[in-house]
Structure formats: C-alpha cells, structure tokens
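Student: I am new to this structure. Please take a close look at one part, the place where chain C touches chain A.

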Amino acid sequence: MHKQKSWIIYLVLLVILAGACGVSLFAGAVRVPISEMFESGIIQLRIARILLAIFAGAALSVSGVIFQALLRNPLAEPYILGVSSGAGLGASIAIVLGLGTLSIWALPATAFAGAMLTIFLVYRLAREPSGVVPVYTLLLAGVIVNAALSSILMFIVSVSSSDELHNVVWWLLGNLQIFDWQLLKLASFVVAVCLTVVVILSNDLNIMTMGEEPAAHLGLNVERTKKLFFLLASLMTAATVAACGLIGFVGLIIPHSVRLAIGPDHRRLVFASALAGATFLVLADGVARTIIAPTEIPIGVVTTFIGGPFFLFLLKRKKRSYWC
Amino acid sequence: MAVKKQDNLKYYMIATVLVAVSIVMIFSGTNQTPPVDDGVNNSNLRIVSLAPNITEMLFVLGVQDRLVGRTDCCDYPPAAKNIESVGGLGIANIEKLLSLKPDLLITPNEPEKEVYKLISQAGIKLLVVQAPNVQGMLDELFEIGQAVGRPELAKRVIAEMQAELDVVARLYKGADHDELPRVFIEISNDPLVTIGGRSFINDVVTRAGGVNVAAGISESYPCINPEKVIEWDPDVIIPCYMGNKENIAEQISGRIGWDGISAIRSGQIYSDFPGDLIMRGGPRLIEGIKILAQHLHGKSNKEYVVR
Amino acid sequence: MDVADGEFIGLIGPNGSGKTTLLRVLSKVLPVKSGHILLKGENIEKISRNNLAKTMACLSQEISLNLPFSVREMTLMGRFPYLSKLGHETGRDIEVAEEAMKLADISHLSDRLITEISGGERQRALIAMCLAQEPKVLLLDEPTNHLDVGHQLSVLDLIRRLNRQTNMTVVSVFHDLNLAAEYCHKIMVLDDGEVVMFGTPKEVLTSEMIQKVYGAKVLTELNPVSQNPHIIIAADMNHPNQ
C-alpha cells in the first residue's frame, strides 16, 4: 500500500537528515577552516557526535512509536513511562559501584536491566486482573514509578560522598559528548539491530493498536509480540541512556508529527520516525553545543524547550484527537 | 528543616566537591572583635562548621576540640569524622544544629531568613565566609582565627602560607605569560566539565604558574565542548576527579580526535595529581599549589625545599 | 452442542452470564477449561492462531480505534493472517479487501478515516475487516451496541445478508432479545456460565425462561410480520405498587 509514496517520504526525510548533518558538521564551538578540521581531529569528534545523535534520535522516537502502539496510549514514551529513569538509575548504580571502569558493557547492561524492570513494574502496576491495561492507570503508574525512581536516585546521590556521583548528576541531564568509538559502536549496533527488527515486524504494530483481543483474532501471537517489542524498545532506550543520559520528549513529539504528516501506518511510520528523530536530535545537539559555545547546555533542555511548545501546538491544532 | 532552597539541590551537589564561593561577607552584627588573648577566654566556645574547608581551617587553628558539629562532607583530616554531623553540605538539620548548643556557627552561605531568626534567637553568633580565590582563603582564615580567639596563631599560619606561595612564585618568576604552561583541568569526564575564570581553582592554577585554558569562560564550572579543548591545545591535562583513575591517562589519550593535542602527544596527562587538595578552598590549597607548581615547572622536591 | 454450516446463532443471557467469555473461548483468546471445541472436526487447540484467523473472524467489543486509519487500511488489516511477516499486501489481498468493502456496503467510504465516520459505518467497516479474513465462521459480540435503531437494523441486515449469500456461519451475542428473535435461526441462553437452553427463538424466548433467567416479568407474543416471538415490557408487572 502506498509503496511509491513511502519511498518519496523516506527520500525527503533522508535529504533533510543529510542537510541537518551537514549544518551540524560545520557548526560548533570552534570555527576553523575545513582543511584544518581534518588535521586537528575536530572533524572526527563532530562525525562521532552526529552519528550518536542519529542513533539516539532514531532509538528514542521508535521506542516512543512502540510504546504508543503497544499500550494504545498517545502519551506513552520512554521518559514518561519511567523507562528512561529506570535505565538511568541502573546506570547510576553501576557508576557508583565503580562497575563502569570494569567493562564497557557494564553501564549499558545495568541500564538495560533498569529499563526492563521499570517497564515490567509499570505494566504490572497498571494491569487489572482481567488483563486490561487502562490508559490512565498506566500513565499514573508511570508517573509514580518515575517519582519513586527519582527519589531513589536522589537518595543515592545524597548519602554518598563519592565524586563519581557528581558525574552522575551531570550525566543524567543528557549529553551527546562521545569520546570512545567503542561505546558508539556498541550503542549503534544495538540500535541498528533493534531498528531493523522493528521495521521488519512493523505491521504487527498496526494490528496491536486495535488491542490485544482483536489482534489475537487476526492471528497474531499477542503475548510473544508484546514481549518482543517491549524488549526491543527497552534495549534501544537503555542503549541511548547508557550513551547519552536522559533525553526527554523525542519519543513523544516525533511520532506525533510524523503521524500527522504521513498517517498512522506503522510500516511507514517506524522508519520515517527513525529518520525524523535522528534529524531532530542532530539539530537539537547542534543547538546545545553552539548556543553558548564553548559551554554546552544539556541536550534534554533543548529537546524539551523545542518539544514542549511544539507539542502544545499539535494538541491545540487537533483538540479532538490526541493521536493526530 | 533544610537550610537551603530546594531548587539549589544540584548546585549543592556540585558544591560538595567544589565549594564554589564568590563573595567575602562577614555578617556585621556578629563581627565583634574577640579578645586578642589566644583562646584563654574561649576555651568553652562551641563551634559548628557547615563546610569541609571551614572544618579544615579550624583544625589548622588547633580548635578542633571546640568543634561540636560538622557536615557529612567534612572528612578531612580523618579525625573530623569523630565529630557529630548536622547533615549534608547545604542541608544541615536545624534541630540537630540547635541541640548542639553552639556559640558560633561558621557557614559558607547566608542562611534563609527564618533560619537566621532561629539562630539569632538561640544567641548563636554567625560567621559567613565565602572566599573567591587563594587570597580570600587566607583572609577567611584570619577572620575565623579572630572569631575563635586565635588571631595570633592565624597570623602566623597565614604568614607561613604566604611565604610558601612566594617561594612557589619564584619558580616561574620572570617568565613571559606566553611561556607558562597552558593547563586544562578536568572536573568531570562525562560530560566534560572544566573550571572557568571565576573559579578559585583558576587562581590555584595561576599561582602554580600555569595558565588555565578556560579562563576566558565566565561560568565557574562550565560543561565544555570537547572540540574546544582541541582548539585550546593545552600543554598539560589534569584530571581532578576521584574514583578509579587507573587508566585515565589512556582513556584521555584515546579520545576521538584528541590525539593531536600537545599534552597528549607529549604524554603530559598529570593523572597522579592529588585533586582533592585543590577542590576545597581550604588550607590544603597551598600544598596543592606547591605540588602543581613543581609539576609544571619541572623542579624536584629537594630543589624546591632548598630554595 | 453443534452448530451447522450457515446457521445464525444468537447468544443471550443476563449480564455476567458468560456470553463474551464463550466467544473468547471459541476464538481461542481464552483457553478451554473442560471439553473440546471442534471446528470442522478439528480441535481448535490444535489449529494455529494464524490458520484459525483464516477460518474464523471475530468482532469483539474490546477494539480500540484511536488511530486515524482509513476504512480501506482497516479492511486490509483483515488480510493480516494471509500476509508474510514483512506485511506487504499483494494484488489479491487488495482485491479481497475491495470485495469485502463492497459486501459491507462501505466502498464509498473507503478513503474516510475510521475515527471520523459514524458508529454504524464503523461497525460495517469492522465487519468488512472480518470479511477480508475470508472466514467460514463469524463471531460477533453485541455488534449493535451503542447504535441507534436505524444503524442496528442496517448492521444486522448486512450480517443476515452475508449469512444467506455466502453461507457463513454466524454466532453473535445479543443484548436485545427482540433483535435476536428476528435474526437468529437458533438461540442459546446462558446463565451463570451454564447453557440453560438452546433452540429456535420460538422454543427459547418464553416468558417463563425470561422470568427464570433474567428475573423479569414480561409478556411474549408473536411478531405479526415475521411470526417470531416478541417481548413486551410492562413496567407495572414488575413493580405494581410504584
């Protein structure tokens, strides 16, 4: 369905992404001639950073798409559901225990464990005995778990005098600084694999939006699908959190805007959201590192600052339906 | 009850390590000249310190036996840990504080109005000390010396410290500003945080005969874009965070795009530097400045002492 | 209990009597606790969910339609059991969907959004989705719930037409006993999870049964046109003193 149209959409989004990368590549804290950029190593730093922004943006917005489809809730998003906080708490515990220096896998692994535990907890809290997961209960559970996780984090921060913790505080504010190709490779590998699986199975998400029972009636193995997608979304969120800390709003505004532009069909929505999310984060990071350069502001501040009003605008434009 | 504003939490967490201070302020009502007699009339003085650098100064002034309260962060010298704590830095428990019945409260921050009222009602003298630089720290030491009845000792200690600073200054005397080593101080590595021109650590670097590459930045502790460090091209990189610093030099050298930085090409990553000496605006600054100056100006310890 | 090919069966019973649960068990959403359900002689426990969806379609009440899919897109989702995992429709899938929309009489709405059409049109679109599954058996859970009388009749006429034209077996939960009487060949009465009666509307819909199962006093008479039983409600019969 709409096969040709899909390619046009992807092409347009790719061109915009390429443009954003181009702008981002030649804007930064330091103004130097291109030839010197190659010599000095600045170009490598910027490329690494742009790659991280692409993978993180794609991962966050596709996680948003998945949570929204699975939970049939337009406001579901890794940040709001507490999944990001869970991953953040996991990673913070790893930092405090000094696991981060043991292995490059320690931080992503604990972040993933935190993310999975959180989504499990939120889902269990919200699920009624009948198996139904009411929208508002789920949001409420997310808010409460989020608050609980934040207070645990604050508790750890306040009782420990370890200097690593002050790193945690800075780190949690979200930042796309990247120093290590290894971490970038790891994060991008995880995101790329997850993204490929989600794109391949995206039609299942269409069916899941109707609810678990109708999806089962159409022949979908609902439990398996649900588990797989929760796993994929948590993996992507965890990889992003481990590499860049907490970045809110991307998973909310990007899927919404893309749905508004190209409709709700997940077979296009997933990949288009990935491209749009990548573009958004590349630009947001460009702002974060140039607006008061050479000082950087946390990227979470930028995404919320751009995302908040934009989201309100969307809501106001189509009050009747949250979804579009 | 907290002696702080809620939204300042982040600031305080950073301040735990850094003790960011900017203005010297003496609370006027409490600034009566104490007896000059060294401690005779003040042997029963009960003191509470609300910052680790203040606690360190009280130890230097030899009045630790009169110190009845400290913060959780006051962990140096080790004996400080035996003193009862009134809470975290910036979040002292006012009830606990009052129950210790102190005569003198020394704090880095002006307390809130209501807390101030409680303190003055209890007849507690208040001394607010915030040093912006090394000289400010020395002045602060004198103020505290006066308040605890050890002005003469304070003067002696300050004179000694001043002498040591003068010796250090001789290490790089006559050197052109351009000849001085350019230093990049790393407070956090993820994200990258350094010290700006208004931080007292900037003064520490200057007194040690270095040039802080980030001196032009007005914030005290800016989160900095790593590509700016490439442009600054420092001669020395000093990681000042604690925790596991085992392979920090390798980590820094391996950073994307940093291989061309002078400090990295010449292996000038000073990962052994005891960063805790300069993180607090306390008396140990002098030791930190000495060690840093020795490192920057290649003088051996012996040579330095002889001078 | 046997249901023959091409029969239109109504499930009735008071609230909580297990009508929807029975549909869920029939459609393999809930497990069978005791006994067996055979579909053309084959135990449904042994049929894969995907294959079951090619034989049996089910329109449940638990469907959420928040996303602005077009009616055509919704109908095409009925092709899901026939698609490969990649989920791309072939020409045949599109043909079947167009035919399903024609049968459900919503072809003219195919480009409208499911979120923007009326309740009756939405039910017809969902029936089109079920038809796109090319089922032999259609399960319906109160298909006329929340519809006005005009839409109720248009939806049920559509179902009866499908039942007659394509010999599709229909099992539907009914809330309204008179509608059940008019459209069903046979009616099954459930009470507290048990089947109490199963037979033609005339056999089943008696005032005694309604008094026993629903605890309500009503009159029954024959519909002058169709000669099916018709329930007449008289408030004073239940609470004469009010």
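Tutor: Here is that interface, step by step. This is a predicted model: local features need pLDDT of at least 70, side-chain atom pairs count only at pLDDT 80 or more, and totals for chains, interfaces and linings use all residues. Residues are numbered from 1 along each chain as its sequence is written, chains are lettered from A and ligands numbered from 1 in the order in which they are written, and side-chain values use heavy atoms, with hydrogens and water left out.

Start with contact (heavy atoms within 4.5 Å). On chain C, 31 residues touch 28 residues of chain A. Together the two chains bury about 2,800 Å², 62% of it on carbon and sulfur atoms. Buried area is the accessible area (1.4 Å probe) that two parts lose on being put together, summed over both. In chain C, Leu67(C), Phe80(C) and Lys85(C) lose the most area to chain A, together 22% of what that side buries.

Next come the salt bridges (a side-chain nitrogen of Lys or Arg within 4 Å of a carboxyl oxygen of Asp or Glu). The rule finds two across this interface. In a salt bridge, Arg24(C) meets Glu213(A) at 2.8 Å, N to O.

Now the elements, where helices (H or I, at least four residues) and strands (E, at least two) are DSSP runs, numbered from the N terminus. On the side of chain C that touches chain A, α2 (49-55), β4 (56-59) and α3 (71-77) of chain C give two or more residues. The most come from α3(C), with four residues.
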